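The following exercises concern one protein structure. Please study the sequence and the model, attempt each task, and then compare your reasoning with the worked solution.

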Amino acid sequence: MSTRRHIRPLPPGLRNQIAAGEVVERPSSVVKELVENSLDAGATRVDVVLEQGGRTLIVVQDDGWGIPHDELELAVTRHATSKIRELGDLTAIGSFGFRGEALPSIASVSHFKMTSRAEGSDEASFVEVRAGEVEGSGPAALAAGTRVEVRGLFSNVPARLKFLKTDPTEHKRCTDILSRISLAHLHAGFSLTVNGRETLRLPPRQQLAERLAAFWPPQVCEGLLPFDAEREGYRVHGVVGAPAQAQSRGDRIFLFVNGRAVADKVMLRAVRQAYAGMLLSREYPQACLFLDLPVDQVDVNVHPAKMEVRFVDEKAVFSAIRRGVVQALTNAESGAPAAPGYGSTEPQAAQMPPRTMEDRDLPAGGGTLSKRAHTPGGSAPKFSSYREYRSSYGGPSTSDIPLPVAPSESSGVLEPEDDGREQAYSRREERPLAGTGLEYLGQVADTYLVIREGGRLTLVDQHAAHERIILEAMRRDRTRGDAQPLAIPLEMALHPSEAETLETLWDGLRDMGFLLERDGTSRLLVKGVPPTLDAGRAKEYLSAALAERSRGIEELWTMLACKSAIKAGQPLADDEALALLDEWVRCPEREYCPHGRPAVLRWGAADLEKLFKRK
């Protein structure tokens, strides 16, 4: 049974540790707060040093204007700040830090030392704090700016220490934080040194594309689309990825508000909406998007870590972002250059392609469609026919499949009507599938295969069915782990981000049949490939894998199966359709494509009677 306790003020040390729990979650939180402080101090050069993922040491040094020696101890006192003076300042915050919580919070859970030399000062000074208690201060040696050393993070709070991840994971989080901050401050230079080795160096005054190239693989950066649009005081600018470069993870969507990296649902939803009809529901584009708006239109004082913001007019923000991204995609599709503003050429929602999220491979409209669907920035399908797929994936000889012939009066193809529109259904002789109760009747809209299944009418989506066939073939090859040696190894240059991804995918790629060998830190040798892939396609698949366009091996193959499958709107000869169906009926999970969309629809006699309102 609980007993009543008296209300008492918390000790200062405990108060600081509680505040630290809000601001300092892990080493990357420390890096974020200290680097932002450097930028607030006018720094044009920020150098970060980490040891053991930041557990044992974090150093951030800058060339900013520094802190006077008589203000150093105030800087590690809670709620002491130079950035706001009165209540009204909270509605017009132009700096990153402003509460005066970060430094004392960090100092309360570490051994903290800050050395600084203010502009115009003859010498530098330092203050040293251990677990929230000032241990010493005095003169020091430093040419300019500020240097902060954080040792033994969470050493006095072991309960927090045990929740940290492995050193590589914590290091990656620190790299991600520094990367995001650097994108909003192209005027400044940054470096990161991990365990004595420099892993990142960004020179000052870079262009956005140049800086992104340090973090994203070339395959991603080459397809980026720039945009810059302004309306009613809201400016949206940056770059976005072409739909064909989409990936199954959203970690390459960087959002900024007035130079502050944020995670905001309104902004993310606006970006996704701009791609409506161009991406599958599980795909995400790349985006580095900056929103500049009046400071009184956004509240950054929502969360201690300042990753969340609140807008005065969410609809205006949503509209501005969506229009800006649509501008980039529309310009890319039309071949026009990115426009600096909107004016009379402002794109409207009605101009977006009328495709659904799940069916970007399906052509819009009805009737017979003889052209493949176009995806802005995309490429031609990998296979022009099922015959080509079989030749690439080791199926029966293509000579066993008769070539289609041009239609004639006796071919069974319905002739165009008087209005010139071709009919959507090609009439063919019934063809049974051996060993099944299925009879192939024909193809509708060059997309759906019509089957009689006993007393039921069945439609099979040829693209979805082919996706499933290819994925199952890949799974079989992966479980065998066979490899086809190459006479001459393929050489692939490795971007630093690709080299990091390769480490995580190495075992899975080996199990699939890839024989890989590292040649230094920036080159990969491919000495063998899975039997179902030729060298060119194997290199293409590896490039996609290293560009992190999927969360893992299984998703990678799912994506590649989609890209390789025959498309909607593609005519198939009878024997091609029969060969595809023969493979499909033997696949497990054949009712759905790898993305989860239905591959087949069925109507029994009762269903048809309801559709015709006979019952």
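**Exercise 1. A sheet and its strand order**

Which order do the strands β20, β21 and β22 have in their open sheet, and with what pairing?

Solution. The basis comes first. This is a predicted model, in which local features need pLDDT of at least 70 and side-chain atom pairs count only at pLDDT 80 or more, while totals for chains, interfaces and linings use all residues. Residues are numbered from 1 along each chain as its sequence is written, and side-chain values use heavy atoms, with hydrogens and water left out.

Step 1. Helices (H or I, at least four residues) and strands (E, at least two) are DSSP runs, numbered from the N terminus. Two strands pair if DSSP finds at least two bridges between them.

Step 2. The open sheet has 3 strands in the order β20-β22-β21, and the pairing is antiparallel.

Step 3. β20 (484-493) and β21 (515-518) each have a single partner strand and stand at the edges, so one side of each lacks a neighbour in the sheet.

Step 4. On average, and with direction ignored, neighbouring strands of this sheet are turned by 20° against each other.

Step 5. β21 is joined to β22 (residues 523-529) by 4 antiparallel bridges. Within this pair, Leu516 has Val526 in β22 as its bridge partner.

**Exercise 2. The helices on the sheet**

State which strands helix α13 lies across, and describe how α13 and α14 pack.

Solution. Step 1. A contact means heavy atoms within 4.5 Å. Axes are lines fitted to C-alpha atoms, for helices over the stretch in contact, and angles run from 0 to 180 degrees between N-to-C directions.

Step 2. Helix α13 (residues 496-512) lies across β20, β21 and β22 and runs at about 145° to β21. Helix α14 (residues 535-546) also packs on the sheet, where it touches β20, β21 and β22, and its direction makes about 40° with that of β20.

Step 3. The axes of α13 and α14 are 9 Å apart, at an angle of about 120°. This makes α13 oblique to α14, because angles under 35 degrees count as roughly parallel, over 145 as roughly antiparallel, 65 to 115 as roughly perpendicular and the rest as oblique.

Step 4. Glu498, Thr501, Leu502, Leu505 and Leu509 in α13 meet Leu542, Ala545 and Leu546 in α14.

**Exercise 3. A second helix pair**

At roughly what angle do helices α2 and α6 cross, and with which handedness?

Solution. Step 1. Helix α2 (residues 27-40) and helix α6 (residues 167-183) have axes that come within 8 Å and cross at roughly 25°. The two helices, α2 and α6, are therefore roughly parallel to each other.

Step 2. A crossing is left-handed if the near helix is turned anticlockwise from the far one by less than a right angle, and right-handed if clockwise. The crossing of α2 and α6 is right-handed.

Step 3. Residues of α2, including Val31, Val35 and Leu39, meet residues of α6, among them Cys174, Ile177 and Ile181.

**Exercise 4. A covered strand and its partners**

How many residues of strand β2 are buried, and which strands does β2 pair with?

Solution. Step 1. Buried means under 20% relative accessible area, exposed over 50%, and partly exposed in between (1.4 Å probe, protein chains only). In β2 (residues 57-62), 5 of the 6 residues are buried.

Step 2. β2 pairs with β1 (residues 45-51) in the antiparallel sense over 6 bridges, and Val46 has Asp62 in β2 as its bridge partner.

Step 3. A further 6 bridges, again antiparallel, join β2 to β6 (residues 145-151). Here Val60 stands opposite Val148 in β6.

**Exercise 5. Two positive phi angles**

Are Asn195 and Asp446 buried or exposed?

Solution. Step 1. Asn195 lies in the loop between β7 and β8, and this residue has a positive phi of about 50° although it is not a glycine. With a relative accessible area of 52%, Asn195 is exposed.

Step 2. Asp446 is found in the loop between β17 (438-444) and β18 (448-453), with a positive phi near 50° in a residue other than glycine. Asp446 counts as buried, at 7% relative accessibility.
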